[in-house]
Amino acid sequence: QVRLVESGGGSVQSGGSLRLSCVASGLTYGTKSMAWFRQAPGKEREGVAAVYSPGAITTYADSVKGRFIIPQDNAKTTVSLQMNSLDPEDTAMYYCAVRVGRMTVLQALVLTPNYYNYWGQGTQVTVSS
């Protein structure tokens with residue numbers, strides 16, 4: 001059984017930084033995409049960033065490019081999200097997600113929630129002005 005547990009959310013002032021972490025258990029070896037999504041009240045869930053394994057190929061939503069970084073550890077079971085220059089518009093519940101199975105690199109980097117198989121419970125990020 002795959003389980004994802006996020007941590008690292010909290011409250012920060014505009015311009016500050018936070019680092020989210022997601023630990024995955026129960027994943028088997030193979031190609032996968034690990035991603036971060038977010039959902040603000042009254043809005044649809046949107047993709048933030050993803051990393052494809054093997055190769056650690058990454059993709060980012062335009063709204064976070066240059067501010068957020070998604071590294072991936074060598075064990076391929078943990079994914080973080082370093083968030084810098086945070087803005088009140090970044091306030092949302094952040095979710096870790098994993099997509100497994102056969103996929104091309106291009107397919108793996110599509111930030112569409114329906115393509116992801118497993119989800120964490122979410123961690124709240126609040127940015128005040």
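Me: Which residues have the most contacts inside the largest nonpolar core?

Reply: That core has 28 residues, and those with the most contacts inside it are Trp 36, Val 48, Phe 68, Val 79, Leu 81, Met 83 and Tyr 94. A nonpolar core here is a set of buried Ala, Val, Leu, Ile, Met, Phe, Trp, Tyr and Cys residues joined through side-chain atoms within 4.5 Å, where buried means under 20% relative accessible area, exposed over 50% and partly exposed in between, with a 1.4 Å probe and protein chains only. This is a predicted model, in which local features need pLDDT of at least 70 and side-chain atom pairs count only at pLDDT 80 or more, while totals for chains, interfaces and linings use all residues. Residues are numbered from 1 along each chain as its sequence is written, and side-chain values use heavy atoms, with hydrogens and water left out.

Me: Which elements give two or more residues to this core?

Reply: They are β3, β4 (32–39), β5 (46–53), β8 (78–83), β9 and β11 (123–128). Strands are DSSP runs of E with at least two residues, helices are runs of H or I with at least four, and both are numbered from the N terminus. A second, separate core of five residues includes Ala 35, Phe 37, Ala 50 and Tyr 116.

Me: And what is Val 79 in contact with, leaving aside its neighbours within four places in sequence?

Reply: Taking contact as heavy atoms within 4.5 Å, Val 79 touches Leu 20, Ser 21, Cys 22, Met 34, Trp 36, Val 51, Ile 70, Pro 71 and Cys 96.

Me: Two cysteines in that list, then. How many disulfides does the structure hold?

Reply: The structure holds one disulfide, a term that stands for a pair of cysteine sulfur atoms within 2.5 Å. The disulfide joins Cys 22 to Cys 96 with an S to S distance of 2.1 Å, and the link is left-handed, with -75 degrees about the S-S bond.

Me: What does the pair tie together?

Reply: Cys 22 lies in strand β3 (residues 18–25) and Cys 96 in strand β9 (residues 92–100), so the pair ties together parts that are 74 residues apart in sequence. Cys 22 counts as buried at 0% relative accessibility, and Cys 96 is buried with a relative accessible area of 0%.

Me: Stepping back, what does the secondary structure of the chain come to?

Reply: It comes to one helix and eleven strands, and along the sequence the pattern reads β-β-β-β-β-β-β-β-β-α-β-β. The radius of gyration is 14 Å, close to the 14 Å that the globule rule gives for 129 residues, so the chain is as compact as a globular protein of that length; the radius is taken over C-alpha atoms, and the rule is 2.2 Å times the number of residues to the power 0.38. Of the 129 residues, 43% count as buried, and residues 24 or more positions apart account for 62% of the contacts with a separation of 6 or more.

Me: What order do the strands of the open sheet have?

Reply: The open sheet of four strands has the order β1-β3-β8-β7, with antiparallel pairing, where two strands pair if DSSP finds at least two bridges between them. The edge strands, each pairing on one side only, are β1 (3–7) and β7 (68–69). Two bridges join β7 to β8, and the bridge partner of Ile 69 in β8 is Gln 82.

Me: What about β11: which of its side chains are buried?

Reply: Thr 123, Val 125 and Val 127 point to one face and are buried, while Gln 124, Thr 126 and Ser 128 point to the other and are not. Strand β2 (residues 10–13) pairs with β11 in the parallel sense over four bridges, with Ser 11 opposite Thr 126. β9 pairs with β11 in the antiparallel sense over three bridges, and there the bridge partner of Met 93 is Gln 124.

Me: Last one, Ser 53 in β5: buried or exposed?

Reply: Ser 53 is buried, with a relative accessible area of 5%. Beyond its neighbours within four places in sequence, Ser 53 is in contact with Gly 30, Thr 31, Lys 32, Gln 72 and Lys 76. Its strand, β5, pairs with strand β6 (residues 57–60) in the antiparallel sense over four bridges, and in the hairpin of the two, which has three residues between the strands, Gly 55 takes a positive phi near 110 degrees.
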